[in-house]
Amino acid sequence: MNEKEALAQKLQIQLDEFSAEIDRLKARADKAEEPWHRQQVEMLQEKHRQAKEKFGEFRDAGDDALEDMKEGMISAWDA
């Protein structure tokens with residue numbers, strides 16, 4: 001497995017964990033019936049969508065673009 005594949009696998013696991021956490025928070029927000037809880041979940045869902053988009057770009061990029069894409073993907077994940 002090359003560096004790009006290893007990083008892609010690690011990031012996919014993190015995206016899956018992030019998605020599961022959002023689902024748990026959404027369930028709690030639905031029970032709380034507080035508008036600001038739902039707004040927070042919607043914000044997290046948008047961040048997740050953006051991270052998945054960047055991940056797709058990273059995964060589809062050639063190996064020669066690894067360093068440029070890696071920095072952008074890590075930055076998106078940190079956000």
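Glu53 has a relative accessible area of 45% and is therefore partly exposed (buried means under 20%, exposed over 50%, partly exposed in between; 1.4 Å probe, protein chains only). Glu53 belongs to a predicted model, in which local features need pLDDT of at least 70 and side-chain atom pairs count only at pLDDT 80 or more, while totals for chains, interfaces and linings use all residues. Residues are numbered from 1 along each chain as its sequence is written, and side-chain values use heavy atoms, with hydrogens and water left out.

**Overall build**

- The protein chain contains 3 helices and 0 strands (DSSP runs numbered from the N terminus: helices are H or I with at least four residues, strands are E with at least two).
- Read from the N terminus on, the order of elements is α-α-α.
- The chain has 79 residues, and buried residues make up 22% of them.

**Salt bridges around Arg49**

- The structure has 6 salt bridges (a side-chain nitrogen of Lys or Arg within 4 Å of a carboxyl oxygen of Asp or Glu).
- One of these salt bridges joins Arg49 to Glu46, with the closest N and O atoms 2.6 Å apart.
- Arg49 and Glu46 are separated by about one helical turn because they are 3 residues apart in helix H2 (residues 35-60).
- Arg49 also meets Glu53 in a salt bridge, at 3.0 Å from N to O.
- Here the spacing is 4 residues in helix H2, so Arg49 and Glu53 are again separated by about one helical turn.
- Arg49 is partly exposed because its relative accessible area is 41%.
- Glu46, with a relative accessible area of 32%, is partly exposed as well.

**Salt bridges around Lys26**

- Lys26 pairs with Asp30 in a salt bridge whose closest N and O atoms are 3.2 Å apart.
- Both Lys26 and Asp30 lie in helix H1 (residues 3-32), 4 residues apart, which is about one turn of the helix.
- Lys26 counts as partly exposed because its relative accessibility is 36%.
- Asp30 has a relative accessible area of 36%, so Asp30 is partly exposed too.

**Nonpolar core**

- Leu7, Ala8, Leu11, Leu15, Ala51, Phe55 and Phe58 form the largest nonpolar core, which has 7 residues (a core is a set of buried Ala, Val, Leu, Ile, Met, Phe, Trp, Tyr and Cys residues joined through side-chain atoms within 4.5 Å).
- H1 and H2 are the elements that give two or more residues to this core.
- The most comes from H1, which gives 4 residues to this core.

**Negative patch**

- Glu5, Asp63, Asp64, Asp68 and Glu71 gather on the surface in a patch of negative charge (residues with over 30% relative accessible area and no salt bridge, like charges being joined within 9 Å).
- Asp64 sits in the loop between H2 and helix H3 (66-78).
- Asp64 counts as exposed because its relative accessibility is 75%.

**Pairs between H1 and H2**

- Ile22 is a residue of helix H1.
- Ile22 is buried because its relative accessible area is 6%.
- Ile22 and Leu44 are 22 residues apart along the chain, and their C-alpha atoms are separated by 6.9 Å.
- His37 is a residue of helix H2.
- His37 has 25% relative accessibility, so His37 counts as partly exposed.
- The C-alpha atoms of His37 and Lys26 are 8.1 Å apart, and the two residues are 11 residues apart along the chain.

Conventions. Patch = residues over 30% accessible without salt bridge, like charges linked within 9 Å, V, L, I, M, F, W, Y side chains within 5 Å. Areas by Shrake-Rupley, 256 points an atom, 1.4 Å probe, with all protein chains shown as cover. Lys, Arg positive; Asp, Glu negative; His and termini not counted. Charge placed at Lys NZ, Arg CZ, Asp CG, Glu CD.
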